[in-house]
Amino acid sequence: MKVVVIGTGYVGLVAGTCFAEAGNDVTCVDIDESKIARLKNGDPVIYEPGLETLIRKNIKAKRLGFTTQVKDAAGRADVIFLAVGTPTNDDGAANLSYLYKAAESVAPFMKSGSIVVNKCTAPVGTVFRIKEILSSKVGAGVNFEVASNPEFLKEGVAVQDFLYPDRVVIGVESTGAAKVLSELYKPFVRSGNPIHVMDVKSAELAKYACNCFLAVKISFINDMAFLCEKLGADISNVRTAMSTDRRIGKSFLYPGVGYGGSCFPKDVKALIKTSSEAGVELSVVRSAEKINIEQRKRFVEKIVAYFDGDVKGRVFAVWGLSFKPQTDDMREAPSITIIEELARRGAVIRATDPVAIENAGKTIRADVEYIEDYMQVLEGADALILLTEWSEYRNCEPALLNNNFKGRVVFDGRNIWEPADIVNAGYDYIGVGRNV
Ligand SMILES: NC(=O)c1ccc[n+]([C@@H]2O[C@H](COP(=O)([O-])OP(=O)(O)OC[C@H]3O[C@@H](n4cnc5c(N)ncnc54)[C@H](O)[C@@H]3O)[C@@H](O)[C@H]2O)c1
């Protein structure tokens, strides 16, 4: 199939590359010229495990191309995916201007019979608005269809998730479009995972429902952790009891400094906005957002309280900046607010991350000394703060810590270490909801 993907971010680039890997003829389009120039040379631009190899392989096989010229690409396409950003507006709603511009850009070049698929996370009704935009701009006599195909990949394992999805969701208006899109996804569901074909609005809402439910899970365990601190219980034990209940499950039930990233914070906001416009009070989702904001503040307060309310001049070594491991994505990372707040109170911040230092430097508005070597960061630090659970940090031996870290205390923002190991190594241990 001839596939065009508009937008080469985390979703568009991974989707385009994986469709090419499945044997399709794929062109990825972006308005960012420097990005396209790098992609043409096989440089993935973003850090995503396994992606570079697949891009290079498919460029070489001539199944994958990159261009800034939507005109050349859209006219050949059987299926056009829209995969541009839908960030948050000031009022919490999803900003759909990039998406609508992308739709406008393809419309004049579309051939009859093509299907325009929205892959972006966007509120119910967006696909029908896209249809109106396309209708007003397509060539005379050109017939087309629209569809919603929300993306569920996770950054850090995006390629794996795309190649082996739990399920594919397709929202369509006709069986013809369902057939074409099911055919396109067939190579990815050979192990029997389902393709759910449904109406367009349900597909659009399903994506928000999934992300918001996961955000609720995270905020629930974080609130429980806070309660543990007040009552003297230990969240690790509570979590173990909860997560071995098959009705609950263990994923997204890890206490920490809260969720971040390009999806959960914005999707939670957008669903709250959509629901209030519909006259529905989604109080569970609202609470999840509130708890998530408080969770970062609670962690900062714990750090400040440890130093008797004054962190001025204290040196903090921060391990981990990206919003989660295996990505260089800094969007809404908890590290931003935590570092900025400590710096605002006069703390000296030295920070490291395996891949996110460059993006952190562009995102965090504070004076931070960035250091590649995570052992070197510890030199002269009063405290170690762990904010992203990269495996090299998780596997760090307390003895190794001892050789480099002469400070007093370890703040474990992701509960990755055994408190006893840290205490035995001679440090105070402060995690999230743990009774040490
Ligand atoms: N990142 C994720 O983990 C993830 C997962 C599932 C769904 N989503 C959703 O997928 C969508 C895309 O997210 P992302 O993280 O890939 O975005 P991104 O910000 O990483 O990338 C968007 C890309 O679109 C390009 N672009 C913007 N306007 C364009 C236009 N008119 N024509 C061509 N290119 C254009 C930008 O230059 C950029 O390269 C969002 O709606 C997001 O909510 C993201």
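User: Why are α1 and α3 called oblique to each other?

Analyst: In this predicted model, the axes of α1 and helix α3 (residues 51–60) come within 9 Å and cross at roughly 50°. Axes are lines fitted to C-alpha atoms, for helices over the stretch in contact, and the angles between N-to-C directions run from 0 to 180 degrees. Angles under 35 degrees count as roughly parallel, those over 145 as roughly antiparallel, those from 65 to 115 as roughly perpendicular, and the rest as oblique. Therefore α1 and α3 are oblique to each other. The residues are numbered from 1 along each chain as its sequence is written. Since the model is predicted, local features need pLDDT of at least 70 and side-chain atom pairs count only at pLDDT 80 or more, while totals for chains, interfaces and linings use all residues.

User: What is the handedness of the crossing where α1 passes α3, and which residues of α1 and α3 make the contact?

Analyst: The crossing of α1 with α3 is left-handed, a term used if the near helix is turned anticlockwise from the far one by less than a right angle, with right-handed meaning clockwise. Val14, Thr17, Ala20 and Glu21 of α1 make the contact with Leu51, Leu54, Ile55 and Asn58 of α3, where contact means that the C-beta atoms of two residues, placed from the backbone, lie within 7 Å. By class, the residues of this contact of α1 with α3 are five nonpolar, two polar and one charged. Here Ala, Val, Leu, Ile, Met, Phe, Trp, Tyr, Cys and Pro count as nonpolar, Asp, Glu, Lys and Arg as charged, and the others, Gly among them, as polar.

User: What makes α9 oblique to α10?

Analyst: Helix α9 (residues 200–231) and helix α10 (residues 235–243) pack at an angle of about 140°, and their axes are 9 Å apart. Set against the cut-offs for oblique, that angle makes α9 oblique to α10. The crossing in which α9 passes α10 is right-handed. In α9, the residues Ile221, Met224, Ala225 and Cys228 meet Ile235, Val238 and Arg239 in α10. This contact of α9 with α10 contains six nonpolar residues, no polar ones and one charged.

User: How many strands form the open sheet that contains β11 and β14, and what makes β11 and β14 its edge strands?

Analyst: Six strands form this open sheet, in the order β11-β10-β9-β12-β13-β14, and the pairing is parallel. The edge strands are β11 (368–370) and β14 (428–430), since each of them pairs on one side only; two strands pair if DSSP finds at least two bridges between them. From one strand to the next, the twist averages 20°. Strand β12 (residues 383–386) is joined to strand β13 (residues 409–412) by four bridges, and the two run parallel. Within this pair, Leu384 stands opposite Val410 in β13. Helix α13 (residues 334–344) packs on the sheet and touches β9 (315–319), β10 (348–352) and β11, with its direction at about 155° to that of β10. Helices (H or I, at least four residues) and strands (E, at least two) are DSSP runs, numbered from the N terminus.

User: What is the pairing in the open sheet of eight strands?

Analyst: The eight strands follow the order β3-β2-β1-β4-β5-β6-β7-β8, and the pairing is mixed. Its edge strands are β3 (64–67) and β8 (195–198), each of which pairs on one side only. On average, and with direction ignored, neighbouring strands of this sheet are turned by 25° against each other. Four bridges join strand β7 (residues 168–172) to β8, and these two run parallel, with Ile170 standing opposite Val197 in β8. Across β1 (2–6), β4 (79–82) and β5 (114–118) lies α5, running at about 155° to β4.

User: How many residues surround the ligand, and where does the largest share of the shell come from?

Analyst: The ligand is surrounded by 27 residues, of which the closest are Gly7, Gly9, Val11, Gly85 and Cys120; a residue is near a molecule if its C-beta atom, placed from the backbone, lies within 6 Å of it. Both α1 (10–21) and α5 (97–106) supply at least two residues of this shell, and the largest share, four residues, comes from α5. By class, the shell holds 12 nonpolar, nine polar and six charged residues.
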